[in-house]
Amino acid sequence: ASRIQKAILPMTLFIDAIFNEYFILNKPRDIVSGDFYWVTYKDNKAIAAVADCTGHGIPGAFMSVLGIMSFNAVVSKSIKADEILNLLRERIINLLHQRGKKDEANDGMDVALCIIDMENRTVEYAGAKSPLYLVRKTDENKPPKLRRIKPDKMSIDYNPLREGPFTPHLIHLKKGDTIYMATDGYIDQFGGKENKKFLRSNFEELL
């Protein structure tokens, strides 16, 4: 199961051909994971996503396979960040036959998605409960600043109370900018002498 899940993730050689500088930290809590990353290249733009599926272990891994296959399908229809998430949600709802009934699969995923235009130095971001972090140095004599671009408060799943379109955000990059996408796995890690959660504030300070 672990080999199959790793096999459908983007190959390192493929990602190396798109990005000059990047890193991926992917350490499943169980043998297989509900978190996944996805990368493709279309119309001279890099498209990258990080997703956190409901459930851990095997249930989460099943959802990750659905997520990766669905990304591959919907990106052929659009290369706009918000439209990709709209199409992704529609596809997941249809695949899982979600209609709001009690006995159906109530699963989905949180996603951060970026479309990076290398030539024009822009990032188009849309998020389903998963933010984008931008670290920018504005003054040589001061530490860099972090900006958290907020996601929409709705997941990729069926929720009649939160079913509007996702919001696109356009960011103009400057030399030296770093962007990060992450699931809540790092933030929710327990550790230290008191075995407490790492928390978002510490995570942002780390970035």
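A salt bridge is taken here as a side-chain nitrogen of Lys or Arg lying within 4 Å of a carboxyl oxygen of Asp or Glu. The structure is a predicted model, in which local features need pLDDT of at least 70 and side-chain atom pairs count only at pLDDT 80 or more, while totals for chains, interfaces and linings use all residues. Residues are numbered from 1 along each chain as its sequence is written, and side-chain values use heavy atoms, with hydrogens and water left out.

By this criterion the structure holds five salt bridges. In one of them, the side chains of Arg29 and Asp30 come together with an N to O distance of 3.4 Å. Exposure is described by relative accessible area, with buried meaning under 20%, exposed over 50% and partly exposed in between (1.4 Å probe, protein chains only). On this scale Arg29 counts as exposed because its relative accessibility is 65%, whereas Asp30, with a relative accessible area of 30%, is partly exposed. Helices (H or I, at least four residues) and strands (E, at least two) are DSSP runs, numbered from the N terminus, and Asp30 falls in the loop between α2 and β1.

Another salt bridge joins Arg148 to Glu204, whose closest N and O atoms are 3.3 Å apart. Arg148 belongs to strand β6 (residues 145–149) and Glu204 to helix α5, so the pair ties together parts that are 56 residues apart in sequence. Both partners are assigned to the intermediate class of exposure: Arg148 is partly exposed, with a relative accessible area of 28%, and Glu204 counts as partly exposed at 22% relative accessibility. A further salt bridge is formed by the side chains of Lys196 and Glu194, at 3.0 Å from N to O; here Lys196 is exposed, and so is Glu194.

The surface also carries a nonpolar patch formed by Met11, Leu13, Phe14 and Tyr41, which together have about 450 Å² of accessible area. Patches are made of residues with over 30% relative accessible area and no salt bridge, like charges being joined within 9 Å and nonpolar side chains (Val, Leu, Ile, Met, Phe, Trp, Tyr) within 5 Å. The accessible areas come from the Shrake-Rupley method with a 1.4 Å probe, and for residues only the protein chains shown count as cover. Within this patch, Phe14 lies in helix α2 (residues 12–18) and is partly exposed, with a relative accessible area of 35%. Phe14 and Asp30 are 16 residues apart in sequence, and their C-alpha atoms are 26 Å apart in space.

Attention then turns to the pockets. On a 1 Å grid over the protein atoms alone, a pocket is an open set of points with protein on both sides within 12 Å along at least five of seven lines, whereas a cavity is a set of points where a 1.4 Å probe fits but cannot get out; lining residues have an atom within 4 Å of a point. The second largest pocket has a volume of about 330 Å³, a volume being the space filled by probe spheres set on the points, which are joined across faces, edges and corners. Its lining comprises 19 residues, of which Lys129, Ser130, Pro131, Pro151 and Arg200 lie nearest the centre of the pocket. The elements that give two or more residues to this lining are β2 (45–53) and α5 (200–206), and the largest share, three residues, comes from β2. By character, the lining of the second largest pocket divides into eight nonpolar, two polar and nine charged residues, where Ala, Val, Leu, Ile, Met, Phe, Trp, Tyr, Cys and Pro count as nonpolar, Asp, Glu, Lys and Arg as charged, and the others, Gly among them, as polar.

The backbone of the loop between β1 (35–42) and β2, in which Asp43 lies, was examined as well. Phi of Asp43 is near 50 degrees, a positive value in a residue other than glycine, and Asp43 counts as exposed at 52% relative accessibility. Asn44 lies in the loop between β1 and β2; its phi is near 65 degrees, again positive in a residue other than glycine, and at 56% relative accessibility Asn44 counts as exposed.

Two residues illustrate opposite classes of exposure. Tyr133, in strand β5 (residues 132–136), counts as buried because its relative accessibility is 1%, and its C-alpha atom is separated by 8.2 Å from that of Thr178, 45 residues apart along the chain. Ser201, found in helix α5, is exposed, with a relative accessible area of 53%, and the C-alpha atoms of Ser201 and Lys77, 124 residues apart along the chain, are separated by 37 Å.
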